[in-house]
Amino acid sequence: GSQRNFGNNWWFPSMTSKYGEPMSTIRFELMREGLEDHEYLCMLSDQINRTKKSPKSESSSAVLARGKALLKRAEAAGGSYMGAGGEYYFEGYLQDPIKLLALRHDIGEFLGANGTSRQVKR
């Protein structure tokens, strides 16, 4: 019908034409942000594993220590998944957007400095 409820959609149909480009929603953009964060963490983990397999040197030890420290910060930022009486919720996750953006920046700097610019194979 002509009356639709688009309140639960990931994106909305175009307002300019019937088959135009869809309009995004905040929900969709935040889902994209989460997927990008996940990819960053996979790339970070992959870099750590490659550094562990590389020949030991002073620089590789420093890279490994920095990578592990970033991974620990990311794990702490994610909080924990709690269950209580059949109800589940997240607790202790990083809620300060400035600190979250700083963590993303630090991970990006680390990956860029260590030559990680490819997609991770899973």
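**An exposed hairpin and a helical salt-bridge network**

Phe90 is exposed, with a relative accessible area of 54%; in the classification used here, buried means under 20% relative accessible area, exposed over 50%, and partly exposed in between (1.4 Å probe, protein chains only). The model is predicted, with local features requiring a pLDDT of at least 70 and side-chain atom pairs counted only at pLDDT 80 or more, whereas totals for chains, interfaces and linings use all residues. Residues are numbered from 1 along each chain as its sequence is written, and side-chain values use heavy atoms, with hydrogens and water left out.

The protein comprises three helices and four strands, arranged from the N terminus in the order β-β-α-α-β-β-α. These elements are DSSP runs numbered from the N terminus, helices being H or I over at least four residues and strands E over at least two. The mean pLDDT of the protein is 81, and 78% of the residues score at least 70, pLDDT being the predictor's confidence in each residue on a scale from 0 to 100. Among the elements, helix H3 (residues 97–113) has the highest mean pLDDT, 94, and strand S1 (residues 11–12) the lowest, 63. Where pLDDT is low, the predicted coordinates should not be read in detail.

Of the 122 residues in the protein, 17% are buried. The protein exposes about 9400 Å², of which carbon and sulfur atoms supply 57%; accessible areas come from the Shrake-Rupley method with a 1.4 Å probe, and for residues only the protein chains shown count as cover. Among contacts between residues at least 6 apart in sequence, 47% join residues at least 24 apart, a contact being defined by heavy atoms within 4.5 Å.

Phe90 belongs to strand S4. None of the five residues of this strand (residues 87–91) is buried, so strand S4 lies largely in the open. Strand S3 (residues 80–84) pairs with S4 in the antiparallel sense over five bridges, where pairing requires that DSSP find at least two bridges between two strands. Ala84 has Glu87 of S4 as its bridge partner. Two residues lie between the strands of this hairpin, in which Gly85 adopts a positive phi near 60 degrees.

Phe90 also contributes, with Tyr81, Tyr88 and Tyr93, to a nonpolar surface patch of about 530 Å². Patches are made of residues with over 30% relative accessible area and no salt bridge, like charges being joined within 9 Å and nonpolar side chains (Val, Leu, Ile, Met, Phe, Trp, Tyr) within 5 Å. Two members of the patch, Phe90 and Tyr93, are in contact with Gly78 when neighbours of Gly78 within four places in sequence are left aside. Gly78 lies in helix H2 (residues 58–78) and is partly exposed, at 39% relative accessibility. The C-alpha atoms of Gly78 and Leu94 are separated by 6.5 Å, although these residues are 16 apart along the chain.

Seven salt bridges are present in the structure, each defined as a side-chain nitrogen of Lys or Arg within 4 Å of a carboxyl oxygen of Asp or Glu. In helix H1 (residues 26–53), Glu29 and Arg32 are three residues apart, about one turn of the helix, and their side chains form a salt bridge with an N to O distance of 2.9 Å. Arg32 also forms a salt bridge with Glu36, the closest N and O atoms being 3.0 Å apart. Glu36 and Arg32 are four residues apart in helix H1 and are thus separated by about one helical turn. Glu29, Arg32 and Glu36 are partly exposed, with relative accessible areas of 29%, 32% and 40%, respectively.

A further salt bridge in helix H1 links Arg50 and Asp46, which are four residues apart, about one turn of the helix; the N to O distance is 3.1 Å. Arg50 is partly exposed, at 33% relative accessibility. Salt bridges that share partners join Glu29, Arg32, Glu33, Glu36, Asp37 and Arg104 into one network.

Helix H1 also contains Lys52, which is partly exposed with a relative accessible area of 42%. Lys52 touches Leu64 and Lys68, residues up to four places away in sequence not being counted. Lys52 and Leu64 are twelve residues apart in sequence, with a C-alpha to C-alpha separation of 7.0 Å.
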